[in-house]
Amino acid sequence: MRAMCVVLVILGGSAGYWWLRTYEPVTVIQEQLAAIDEGQYPRAYGYLSSTTKTTLSFEQFVALIQNNSVVMEIRETSFPTRVREGESARISGMLMGYGEMTCQASYVLMQEDGQWKIRSFQWAPPHRSHTDHLRIAQQRVGMPAWEKDNQYGTRGSAIEMDSRSLPVTGACCS
């Protein structure tokens, strides 16, 4: 029992260490997204690295924001994929907007003059979340989608039955 407790403490400590190492880069991303949500595009642009600013003008940056409804009005974020290597970090996850729209997001950050800056980013085009597809399927047939028989005559999950209609997303910027 004591050995198991030691293992759990070690695992918990290493997970905490990993999470803390990526806390600052994720905070920079969240601060940039908050500035975008508040319409403070110059402040949001300020989170980009000097190298990125030489290749992406302020006007281009604003156009990227305005072409993505999820980025313009973010309701929630989730960044489960986090890798930090020295003075750089790769962070990716999902941005959730209003109306059940989501957008995959990936960032590369680097230390610049002692601060984390966004070196590159990629926002996929907005698409309906999987839960919204399930709700639409349920409304169409008037019954929970998981209760409907699939093509083999057995009951399957709604995601399996509705996967052909899920949108394909691609990168809109990098």
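A salt bridge is a side-chain nitrogen of Lys or Arg within 4 Å of a carboxyl oxygen of Asp or Glu. Keep that cut-off in your head as you look around this structure, which is a predicted model.

**A lysine without a partner**

Let's start with K117, which you'll find in strand β4 (residues 115–123). How far away is the nearest side chain of opposite charge? For K117 that side chain belongs to E112, and the distance is 5.4 Å. A salt bridge needs the atoms within 4 Å, so K117 is buried and yet has no salt bridge.

What does the side chain of K117 reach at 2.8 Å? Its target there is the backbone oxygen of G46. K117 has plenty of other company too: setting aside neighbours within four places in sequence, its contacts are G46, Y47, L48, S49, V108, L109, M110 and E112.

**The serine next door**

One name on that contact list deserves its own visit: S49. S49 sits in the loop between α3 (41–45) and α4 (50–55). Is S49 buried or exposed? With a relative accessible area of 0%, S49 is under the 20% cut-off, so it counts as buried.

The side chain of S49 is joined to the side chain of T52 by a polar contact of 2.8 Å. If you skip residues up to four places away in sequence, S49 touches E112, K117, I118 and R119. So E112 and K117 both turn up around S49, because they are both among the residues it touches, where contact means heavy atoms within 4.5 Å.

**Charges that do pair up**

Side chains of opposite charge can pair when their charged atoms come close. How many salt bridges are there? The count comes to two. Here they are, side by side:

| Salt bridge | N to O distance | Relative accessible area |
|---|---|---|
| E38 and R43 | 3.3 Å | E38 48%, R43 35% |
| R75 and E76 | 3.8 Å | R75 41%, E76 42% |

E38 and R43 are each partly exposed. R75 and E76 are partly exposed as well. K117, on the other hand, is buried.

**Rings that meet**

Now for the aromatic side chains. A pair of aromatic rings is described by the distance of the centres and the angle of the planes. The structure holds six aromatic pairs. One of them is F79 with Y107: the ring centres are 6.1 Å apart and the planes stand at 75 degrees, so the pair is edge-to-face.

Which parts of the chain does this pair link? F79 belongs to strand β1 (residues 74–85) and Y107 to strand β3 (residues 101–112), so the two are distant parts of the chain, 28 residues apart. F79 is buried, at 4% relative accessible area, and Y107 is buried too, at 2%.

F79 and Y107 also belong to a bigger group: together with Y45, F58, F61, F121 and W123, they form one aromatic cluster.

**One last stop: P125**

P125 lies in the loop between β4 and β5 (127–128). Its relative accessible area is 30%, so P125 is partly exposed. How far apart are P125 and S69 in space? Although they are 56 residues apart in sequence, their C-alpha atoms are 8.7 Å apart.

Note on methods: Residues numbered from 1 in each chain as written. Predicted model: local features only at pLDDT ≥ 70, side-chain atom pairs only at ≥ 80, totals over all residues. Heavy atoms only, no water. Phe/Tyr/Trp six-rings, centres within 6.5 Å; stacked < 30°, edge-to-face > 60°. Helix = DSSP H or I, 4+ residues; strand = E, 2+ residues; numbered from the N terminus. Buried < 20%, exposed > 50% of the residue type's maximum accessible area, 1.4 Å probe, protein only. Polar contact = N/O pair within 3.5 Å; in protein donor to acceptor, adjacent residues only side chain to side chain. Lys, Arg positive; Asp, Glu negative; His and termini not counted.
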